[in-house]
Amino acid sequence: MLIFAVIIVVSGALIVGALWGLYGHLPSWMEGNLLAIAGGALMISVVIELVQPAVAGSGIWITAAFTLMGALVFASVDYLIDEKMNSKGGGGLLAAITLDGVPENLALGVSLLSGNVMQVAALAGSILLSNLPEAAGGAKEMRKNGYSHKKVLMLWVGAAVLLSLAAILGKILLKDVDKGVISAIDCFAAGAVIASLATEVFPTAFKRGNHWAGIGATIGLILALALSQLSG
């Protein structure tokens, strides 16, 4: 039951965020700062929950290689979407959530195997903080660029389903997989997340929230750090 509860909360945040972006009316500065808080939370979460365990288990070189690979893959896809496919209207944030979310949710599914409820809560909480405002921002940009409400909502529902399947597969298929493979998945996810923060999340947060976004990012970092401390 725990896995379904986590999936509903984490992936459901994409749908709630998309609805918020389509029908909500928050001030731009507030949206920017919420996105900054999400980015700060995810920034510290990937280090503590994904990168540090990989360094301890697989060494610095394996960690560095797969983290860089995740960043390269995300940056390449993001470039193609923005520069070659001319999809700047929320497509980058959709790509960010989907590309870093698949390995990220695989890692979340694996964390459910540990039985450490607080560790799962720390990672899931950071992903939730990220998914909600990212989906809202992406949906809002898509709406401004002429996408119908139905098409926008279906795109984000599809992303939520895909990420839910990733978490389930992580729980089922990776149960007996070598820890080195798990570390590689975690690092790939971390690299993709870091790249998405640099190219999509923080620039968008600054554009909407201006210099207050730096404070928002720090608040998010502190929140994620607190969740991590609770996990022990």
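A residue counts as exposed when its relative accessible area is over 50%, as buried when that value is under 20%, and as partly exposed in between. With that in hand, welcome to this predicted model.

**The overall picture**

The protein has 8 helices and 0 strands, so read from the N terminus on, its elements run α-α-α-α-α-α-α-α. Of its 232 residues, 50% count as buried. Among contacts with a separation of 6 or more, 85% are between residues 24 or more positions apart. The accessible surface comes to about 10,800 Å², and 72% of that belongs to carbon and sulfur atoms.

**Two isoleucines to look for**

| Residue | Helix | Relative accessible area | State |
|---|---|---|---|
| Ile8 | helix 1 (residues 2-23) | 61% | exposed |
| Ile219 | helix 8 (residues 212-231) | 40% | partly exposed |

Ile8 is exposed because its 61% is over the 50% cut-off. Ile219, at 40%, is partly exposed because its value falls between 20% and 50%. Together with Trp212, Ile215 and Leu223, Ile219 makes a nonpolar surface patch of about 420 Å².

**From helix 1 to helix 6**

Although Ile8 and Ala160 are 152 residues apart along the chain, their C-alpha atoms are separated by 9.2 Å. Ala160 is one of the buried residues of helix 6, including also Val152, Trp156, Ala159, Leu163 and Ala167. Helix 6 covers residues 149-172, 24 residues in number. From its first C-alpha to its last it reaches 35 Å, close to the 34 Å expected at 1.5 Å a residue.

Terms used
Residues numbered from 1 in each chain as written. Predicted model: local features only at pLDDT ≥ 70, side-chain atom pairs only at ≥ 80, totals over all residues. Heavy atoms only, no water. Helix = DSSP H or I, 4+ residues; strand = E, 2+ residues; numbered from the N terminus. Buried < 20%, exposed > 50% of the residue type's maximum accessible area, 1.4 Å probe, protein only. Expected span 1.5 Å × (residues − 1). Patch = residues over 30% accessible without salt bridge, like charges linked within 9 Å, V, L, I, M, F, W, Y side chains within 5 Å. Areas by Shrake-Rupley, 256 points an atom, 1.4 Å probe, with all protein chains shown as cover. Salt bridge = Lys/Arg side-chain N within 4 Å of Asp/Glu carboxyl O. Contact = heavy atoms within 4.5 Å.
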